[in-house]
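Visitor: I am new to this structure and would like to learn how to read its inner spaces and its packing. Could you walk me through them?

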Amino acid sequence: MSEKVEGNLYKAEPAGSSHTDTSAGVIDNVDVGNPDWTEAEETAIRRKFDFTIVPMVTILYMCCAIDRANIGNAKIEGMTAELDLVGYRYNIVLSIFFIVYLSVEVPSNVILKRFGPRFYMPFLVFSFGLVSLCTAFVQSYPGLAVTRAVLGIFEGGAMPATAFFLSCYYKKSELFFRMSIFISSSSLANSFGGLLATALSKVPAWGTSSSVIKTWRNIFFFEGLLTMIIALSFIYFMPQSPGSWKYLTPRQQYIAAERMRRENDANPKEKVTWAHVRQAIFNVHTNVCAWCFFCTNSAVQGLGAFVPTILQEFGWTSTRAQLSSVPPYLVACVLTIALGYASDRTNRRGVFMLGAVVFSSTGYAILRFSDNTEAKYAAVFLSCIGVFAASSGFLSWGINNTGSPAVAAVAGGYMVAIGSVGGVLSTWTYLSTDSPKFHIGHSINFSLQLFCFCLAAFGLAHCTYENKIREQGKRDNRLHGLSEDEIRALGHRHPDFRYME
């Protein structure tokens, strides 16, 4: 350990080489006084992050979710007929997006680690807002396919970037609650997107005679324009790092940076190497969380793209289907945040993940085997609650157990990339040939939730077992014959590292 608490004072313990001169209370040659700090000082900094950084990234990711899912709203507002999306064309367009999306996630996080978030994250958001706006002018199926591919390039980096960004500002025991807020913005975006799509589709036709903007085109244009404006405004406020944010005093900057360095016992400015890539990808727990996220994200993306269609197949009008998609997402948003808060308060992950997956498994079982419309609509609530809550939890759990910021950057991108393979699968789970009951799609998602439950249970057992044998000193042999730098580079394999259970 590199930090201990005496009373309400956080004190440093010797931890080998240090990247900050904590003994003198100096950071970047600025004297910040006592190198130790009180719990009240740390709480004040955390609260400042809670009311500034978390809302910023939540709004940015909400824009991402709206611009990604608005194609599902546009589909039932005339896009299918106008662009001749016959047969499997709609599914192909969705697949193109996710294939590109997953291919850029790890490289995007490496770029983020190299250049920092202040300009890079708003650049991503502005770019996919611009692509969404341009989609309003698409005139054919090939044109839609191209715009969705370009959208995937910029949106692919948004989720892993946000997850890694938050992990640089919050400790392990603080991360899930904050991550649940930004993930829940996706469900909020889906609910808000339904209301917004309903309103925008009613905007009277406008534009030129050669390019008339109406119905579904209004959805893409105005949502993309709003995203671009938000991204530009956030460049001024976005921090580059905890130790350099201009809205903190020099002492607060020192504490914000040092508390993270002491927890990770690693250099936050360390560049990503192939050793970090291997350490992330070959971590058993990273893979458990990645494939659990694959299962839940397949359902999340399927809900975003097909819930309006599923509800419309109940015999409802397009307007009723759009509006009825709102309540399940709102409930999922609230309960996802509540689950994150409870998990951070108890410093536990696995048991909460298992509980969330029980909700989604039950929901998809009802959707698959019930013929009652009211029961199936209630099942949409259960499915949304489970998959949104579990998605944020698995990402947080995986990042918590990486061992260093550099490995966390790779692991975050890797987990989201694997999860995005689930996004590709989701585009083929609900086919027009399977309507109106969509037995195949519901069966696939039900099976994935059952597999996710079993895998999460294994992940919890693995963490518990590793922590137990490390307490008994049975991993101490990993230190034999290693230099101080090699010991530091062990990360999650270090005998003193403890997995969050």
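Visitor: By class, which residues make up the lining of the second largest cavity?

Guide: A good way in is to sort the lining by residue class. In this predicted model, the lining of the second largest cavity has six nonpolar residues, six polar ones and one charged one.

Visitor: How many cavities does the structure hold, and what volume does the second largest have?

Guide: There are four cavities of 30 Å³ or more. The second largest has a volume of about 100 Å³. It is lined by 13 residues, and Ala69, Asn73, Asn190, Gly193 and Gly304 are the closest to its centre.

Visitor: Which helices supply the lining of that cavity?

Guide: Here we move from residues to elements. Helix H2 (53–82), helix H8 (172–200) and helix H12 (284–312) each give at least two lining residues. H2 has the largest share, with five residues.

Visitor: Now the packing, please. Which members of the largest nonpolar core touch the most other members?

Guide: A core can be read as buried nonpolar residues joined through their side chains. The largest one here has 82 residues, and those touching the most other members are Phe49, Met159, Leu166 and Phe394. H2 gives the most to this core, eight residues.

Visitor: What is Leu166 in contact with, leaving aside its neighbours within four places in sequence?

Guide: Leu166 then has contacts with Ile53, Val54, Val57, Leu175, Arg178, Met179 and Phe182. There is also a second, separate core of 42 residues, with Met79, Tyr141, Ile213 and Phe221 among them.

Terms used:
Residues numbered from 1 in each chain as written. Predicted model: local features only at pLDDT ≥ 70, side-chain atom pairs only at ≥ 80, totals over all residues. Heavy atoms only, no water. 1 Å grid on protein atoms, 1.4 Å probe; cavity = no way out; pocket = protein on both sides within 12 Å on 5 of 7 lines; lining within 4 Å. Points joined across faces, edges and corners; volume = space filled by probe spheres on them. Helix = DSSP H or I, 4+ residues; strand = E, 2+ residues; numbered from the N terminus. Nonpolar A, V, L, I, M, F, W, Y, C, P; charged D, E, K, R; others polar. Core = buried A, V, L, I, M, F, W, Y, C linked by side-chain atoms within 4.5 Å. Buried < 20%, exposed > 50% of the residue type's maximum accessible area, 1.4 Å probe, protein only. Contact = heavy atoms within 4.5 Å.
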